[in-house]
Each structure stands twice: as structure tokens, then as C-alpha cells.
Amino acid sequence: MSEHQENSELADAKKQLEDHPNDLALRFQLGKCLSEAGRHKEAIAELQKARQHQEHRKEAIELLEKSYEARGLPNLSMQINEEDTQ
């Protein structure tokens, strides 16, 4: 994906979320775009909320773990995994 496409997808996701701030599926999409763009700090904030959405929960947790690891926080990644299995 080109940087222009990536920026366009991020802008679209942010705009949609502005219009529908309680939509967890949109939060998941934004978190996924941010994670794929390497913007892990921002992705973590969105994915934390998005993991409440049952349809996207598993993938949100996987992306959340990757973002924590990318930020050098493997302990938080393990904690998320432990919380999910309880």
C-alpha cells in the first residue's frame, strides 16, 4: 500500500469516527490502519476500545499485542493475552 493510500485510509477512518464516536467497528478499523502505519501509540488507544466489539475482538487483541511489542512493551502484550484467556 502506498503512503498516499495509507494516509487517505487513515483520514477516512478518522472522519467516520468523528461522525460515529461510539462505533466500535470503526474504532477497530482506525486502530488497524494506525497499526499498519506503524503508529502504534495511537493504535493502542483505539484497539483498547475496539476489543469490546465481539466481531473484531480476536483481531483487535492480536493487533494490540503487536503494537505493544513494537513499542517495546512485551509485558503489556502478555497481560492482554492473560486477560483474554480468563
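Among contacts in the protein chain between residues at least 6 apart in sequence, what percentage join residues at least 24 apart? In this predicted model, the value is 41%. The protein chain contains five helices and zero strands, and its elements follow one another in the pattern α-α-α-α-α along the sequence. Of the 86 residues in the protein chain, 34% are buried.

The largest nonpolar core comprises 16 residues. Those with the most contacts inside this core are Leu10, Phe28, Leu30, Leu34, Leu47, Ala60 and Leu64. At least two residues of the core are supplied by each of α1 (3-19), α2, α3 and α4 (57-70), and the largest share, five residues, is contributed by α2. In soluble globular proteins, nonpolar side chains tend to be buried together.

Helix α2 spans residues 24-36. Its 13 residues should extend over 18 Å at 1.5 Å a residue, and the end C-alpha atoms are indeed 18 Å apart, so the expected and modelled spans agree. At the N-terminal end, α2 is capped by Asp23, a side-chain oxygen of which lies 2.9 Å from the backbone nitrogen of Ala25. The buried residues of this helix are Leu26, Arg27, Phe28, Leu30, Gly31, Cys33, Leu34 and Ser35; the list thus includes Phe28, Leu30 and Leu34, which also appear among the core residues with the most contacts. Beyond the helix, Gly38 follows with a positive phi, near 80 degrees.

Helix α4 has 14 residues and reaches 20 Å from its first C-alpha to its last, close to the 20 Å expected at 1.5 Å a residue. Its buried residues are Ala60, Ile61, Leu63, Leu64, Glu65, Ser67 and Tyr68. Just after α4, a positive phi of about 80 degrees is found at Gly72.

The two helices α2 and α4 pack at an angle of about 30 degrees, and their axes are 10 Å apart. The crossing of α2 past α4 is left-handed. On the α2 side, the contact is made by Phe28, Lys32 and Ser35, and on the α4 side by Glu59, Ala60, Leu63 and Ser67. Of these contacting residues, Phe28 and Ser35 are listed as buried in α2, while Ala60, Leu63 and Ser67 are listed as buried in α4.

Two loop positions were examined in addition to the helices. Arg39 is located in the loop between α2 and α3 (40-50). The relative accessibility of Arg39 is 30%, and this residue therefore counts as partly exposed. When residues up to four places away in sequence are not counted, Arg39 touches Leu10, Lys14 and Leu34; of these, Leu10 and Leu34 are among the residues with the most contacts inside the largest nonpolar core. Arg39 is also separated from Ser67 by 28 residues in sequence, with a C-alpha to C-alpha distance of 8.4 Å.

The second position, His56, is in the loop between α3 and α4. The relative accessible area of His56 is 15%; because buried means under 20%, this residue is classed as buried. With residues up to four places away in sequence again not counted, His56 touches Ala25, Phe28 and Gln29. Ala25 is the residue whose backbone nitrogen is approached by the capping side chain of Asp23, and Phe28 takes part in the contact between α2 and α4.

Terms used:
Residues numbered from 1 in each chain as written. Predicted model: local features only at pLDDT ≥ 70, side-chain atom pairs only at ≥ 80, totals over all residues. Heavy atoms only, no water. Helix = DSSP H or I, 4+ residues; strand = E, 2+ residues; numbered from the N terminus. Buried < 20%, exposed > 50% of the residue type's maximum accessible area, 1.4 Å probe, protein only. Contact = heavy atoms within 4.5 Å. Expected span 1.5 Å × (residues − 1). Polar contact = N/O pair within 3.5 Å; in protein donor to acceptor, adjacent residues only side chain to side chain. Core = buried A, V, L, I, M, F, W, Y, C linked by side-chain atoms within 4.5 Å. Axes fitted to C-alpha atoms, helices over the stretch in contact; angles between N-to-C directions. Left-handed = near helix turned anticlockwise from the far one by under 90°.
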